[in-house]
Amino acid sequence: VAAVAPASLGGGLAAASCAAAARDRWFVGAGTTAERSGTLVLANPGEGPAVVDVTLLGPDGPVETVDGTGIVVDPGDAVQVPLDDLAAGTADVAVEVVTRRGAVGAALLDAAVSGDAEPGTEWVPAAAPPSRSQVLPGGVRGADTRTLTVANPGDSTATVDVEVLGPDGRYAPRGAEQLQVPAQGLATLDLPAAVSARAFGIGLTSTEPVVGGLQSRVGDDVTHTASTPASRAALVAPATVPTGEDDATAVVQVSGADDAPAAVVSVRGYDAGGQQVARGRLQVPPGATVRLDAGALEGRPDDAVVLVLDPGDVPVHAALVVTGDDGTSVVPLRPAPALVDAPSVSPLP
């Protein structure tokens, strides 16, 4: 889904994918200040009540929250939880959402809530679970600023090596090669302007399991991307995203894993009737980031509404970058579910 946010929330383009229910979710890069705050949206698709605990990590360690534990979400209901109601006054936080009972989908909206704040609204994507190796796809080229936020839920300080995954491979950004993240806290790092000249991702290698998020400012809008698990399964992306703007574009960026061979990604485009109308291949070198030019696909790519990217046996990371007059938004891509749990059904006696 994509939409232009109202001026009361800071304006700008905001896009997101549907949030699947999960036991543990991390969101990195929101705030709880009077000028800029996040709103956590918790939805319960189940038939019984769900119970959720929300914890925050800040630069100085765990943030004391009010009423953050035992949040009840009734069946078929959605609850909005402003982060500044849980703990006000922290500019940078990482949010962990743990479902103790039931099934809950979670999403986090980052918005300017005061006229004194820099404008812009964005859905903060859920990050991959904490690990020592992380990749953040979908870096926005041409951004005015880029702030990397890394959270460390462990009990020891994490030393994190930072690398840019550019079109020609990976390299350490000068002056921003490493980050020290305190135990049960987070740290931020401003990336140099040169990293955004072309498509890029960010690679993190850490001594402790961490989670990462990247906030970029493009004009009067803000956008977020987050670490994603490496995928060998097919990834589905819209070829076009309705935003209310005729000139909005949607471009897929794919980052290759550094410890894997070059990926040859098969790309298929389908029209609204489900017929294949385009095809092609995308070469992704190890540790590099490549933009998919949908116009270069064979067939009738202009008729495609959905793109399916199949990396075969080589893991990749990918994101969709949506750009329009009202701003930019990034949606990390994750494999579509192949199996869905369903209740067992038997005939009545």
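Here are four short exercises with worked solutions on a predicted model of a protein chain.

**Exercise 1. Work out whether the overall dimensions of the chain agree with a compact globule.**

Step 1: Start from the length. With 349 residues, a compact globule would have a radius of gyration near 20 Å.
Step 2: Put the model next to that. The protein chain has 20 Å, so the two agree.
Step 3: Add the extents. Along its principal axes, the C-alpha trace spans about 70 × 55 × 40 Å.
Step 4: Check the cover and the surface. Of the 349 residues, 50% count as buried, and the accessible surface comes to about 15,700 Å², with 51% of it belonging to carbon and sulfur atoms.
Step 5: Look at what makes up the fold. You'll find 1 helix and 28 strands. Take the contacts between residues at least 6 apart in sequence: 77% of them join residues at least 24 apart.

**Exercise 2. Find the partner strands of β5 and say how β5 pairs with each.**

Step 1: Locate the strand. β5 covers residues 50-58, and 8 of its 9 residues are buried.
Step 2: Go for β9 (residues 93-101). It's joined to β5 by 7 bridges, running antiparallel, and V54 sits opposite V97.
Step 3: Now β7 (residues 71-73). Here 3 bridges do the joining, again antiparallel, with V52 facing I71.
Step 4: Finish with β6 (residues 61-63), antiparallel to β5 over 3 bridges. G58 stands opposite G61, and the two strands make a hairpin with 2 residues between them.

**Exercise 3. Give the strand order of the open sheet that contains β22, and identify its edges.**

Step 1: Recall the background: strands of a sheet pair through backbone hydrogen bonds, either parallel or antiparallel.
Step 2: Read off the order. The 5 strands run β20-β26-β22-β23-β25, with antiparallel pairing.
Step 3: Pick the edges. β20 (235-238) and β25 (298-299) each have a single partner strand, so one side of each has no neighbour in the sheet.
Step 4: Zoom in on one pair. β22 (residues 263-270) and β23 (residues 276-284) share 8 bridges, and R268 stands opposite R279 of β23.

**Exercise 4. Is T289 buried or exposed, and what does T289 touch?**

Step 1: Place the residue: T289 belongs to β24 (residues 289-291).
Step 2: Apply the cut-off. Buried means under 20% relative accessible area; T289 is at 1%, so it counts as buried.
Step 3: List the neighbours. Leaving out residues up to four places away in sequence, T289 touches L165, G166, P167, A199, F200, G201, Q253, V254 and S255.
Step 4: Look for a polar atom pair. A polar side-chain atom of T289 lies 2.6 Å from the backbone oxygen of L165.

Note on methods:
Residues numbered from 1 in each chain as written. Predicted model: local features only at pLDDT ≥ 70, side-chain atom pairs only at ≥ 80, totals over all residues. Heavy atoms only, no water. Pairing = 2+ DSSP bridges. Helix = DSSP H or I, 4+ residues; strand = E, 2+ residues; numbered from the N terminus. Buried < 20%, exposed > 50% of the residue type's maximum accessible area, 1.4 Å probe, protein only. Polar contact = N/O pair within 3.5 Å; in protein donor to acceptor, adjacent residues only side chain to side chain. Contact = heavy atoms within 4.5 Å. Rg over C-alpha atoms; globule rule 2.2 N^0.38 Å. Areas by Shrake-Rupley, 256 points an atom, 1.4 Å probe, with all protein chains shown as cover.
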